[in-house]
Amino acid sequence: MGRLSIAGYYAILDVRLPSGQEVPPARIEAELQRAKELLAARPCVLQLRAKGADDATVLALGRALASLCREQGIPFCLNDRADLAFLCGADVVHVGQEDLPLGEVRKVLAALGRPLPVGVSTHNLAQAEAAARAGADYLGFGPIFATGSKANPDPVVGLAGLRQVCAQVSCPVVAIGGLRRASIVEVVAAGAAAAAVIGDVDTSNDRAAAGRAIGAAFGRAQHV
């Protein structure tokens, strides 16, 4: 995998699994099928977010997704865990404010002999500036609007908050949280390099077409 490029549609496979319960093979296959639909849209990255899943499930799903992404030439990102990202062959690690600090993640990856790009979730200007100073390869910033994809979302930052962060940091910013295809023009105008749209894609009858529409809207908006 070449240099990480964050631009346009950033896909997230949001897998919600019951904590502590065995996951049937049919469920894993269903998630892989959903991933194939997201990959068909040619996102800049496919991230696995599997809150509550046990390590064995994340590892199994991560390895299968890493293989799918390699076939498509699309970077695979694992959320939260640098060790599992290494084990499953991920191309990118993404961490949140409650995970290991960026510097510690870099140490883990260096010790494993596989330094990877690292993205950091941020929810206000101070967090964004701190992550950028620490050397994050890109930032996730939001929620831009109210979102139902997280159990305990951070306060809504709005387009004004996004615009402020994009103006203050030099690394790419991925807008996230309550985004819809119709809001991409505003997100691009605020300075975001990419947009992570989850619910509007997942509830679409054609996820691949929905993802492609986001990428296309991003491309059009950047040339207005």
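**Helix packing, barrel and backbone outliers**

Leu125, Ala128 and Glu129 in H5 meet Gln164, Val165 and Gln168 in H6. Sorted by class, this contact of H5 with H6 comes out at 3 nonpolar, 2 polar and 1 charged residues. The model is a predicted one, and this helix pair is a handy place to start reading it.

Two packed helices are described by the angle between their axes and the distance between the axes. Here, H5 covers residues 125–133 and H6 covers residues 158–168, and the two pack at an angle of about 25 degrees with their axes 10 Å apart. Because angles under 35 degrees count as roughly parallel, that makes H5 roughly parallel to H6. As for handedness, H5 goes past H6 in a right-handed crossing.

Next comes the barrel. It is closed by 8 strands, taken in the order S1-S2-S3-S4-S5-S6-S7-S8, and the pairing is parallel. From one strand to the next, the twist averages 25 degrees. Take S1 and S2 as a sample of the pairing: S1 (residues 8–14) and S2 (residues 45–49) run parallel and are joined by 5 bridges. Within this pair, isoleucine 12 stands opposite glutamine 47 in S2.

Helices lie across these strands too. H1, made up of residues 25–39, lies across S1 and S2 and runs at about 175 degrees to S1. H2 (residues 55–72) lies across S1, S2 and S3 (76–79), and its direction is at about 170 degrees to S2. Since angles over 145 degrees count as roughly antiparallel, H1 is roughly antiparallel to S1 and H2 is roughly antiparallel to S2.

That leaves a few backbone oddities in the loops. Most residues other than glycine have a negative phi, and most peptide bonds are trans. Arginine 42 goes against the phi trend: it is not a glycine, yet its phi is positive, at about 60 degrees. Arginine 42 sits in the loop between H1 and S2, and it is partly exposed, with a relative accessible area of 49%. Aspartate 80, likewise not a glycine, has a positive phi of about 80 degrees. The loop between S3 and H3 (82–88) is where aspartate 80 is found; with a relative accessible area of 22%, aspartate 80 is partly exposed.

The peptide-bond exception involves glycine 142 and proline 143, which are joined by a cis bond with omega at about 5 degrees. Proline 143 belongs to the loop between S6 (138–141) and H6, the helix that packs with H5.

Conventions:
Residues are numbered from 1 along each chain as its sequence is written. This is a predicted model: local features need pLDDT of at least 70, side-chain atom pairs count only at pLDDT 80 or more; totals for chains, interfaces and linings use all residues. Side-chain values use heavy atoms; hydrogens and water are left out. Two strands pair if DSSP finds at least two bridges between them. Helices (H or I, at least four residues) and strands (E, at least two) are DSSP runs, numbered from the N terminus. Axes are lines fitted to C-alpha atoms, for helices over the stretch in contact, and angles run from 0 to 180 degrees between N-to-C directions. Contact means heavy atoms within 4.5 Å. Angles under 35 degrees count as roughly parallel, over 145 as roughly antiparallel, 65 to 115 as roughly perpendicular and the rest as oblique. A crossing is left-handed if the near helix is turned anticlockwise from the far one by less than a right angle, and right-handed if clockwise. Ala, Val, Leu, Ile, Met, Phe, Trp, Tyr, Cys and Pro count as nonpolar, Asp, Glu, Lys and Arg as charged, and the others, Gly among them, as polar. Buried means under 20% relative accessible area, exposed over 50%, partly exposed in between (1.4 Å probe, protein chains only).
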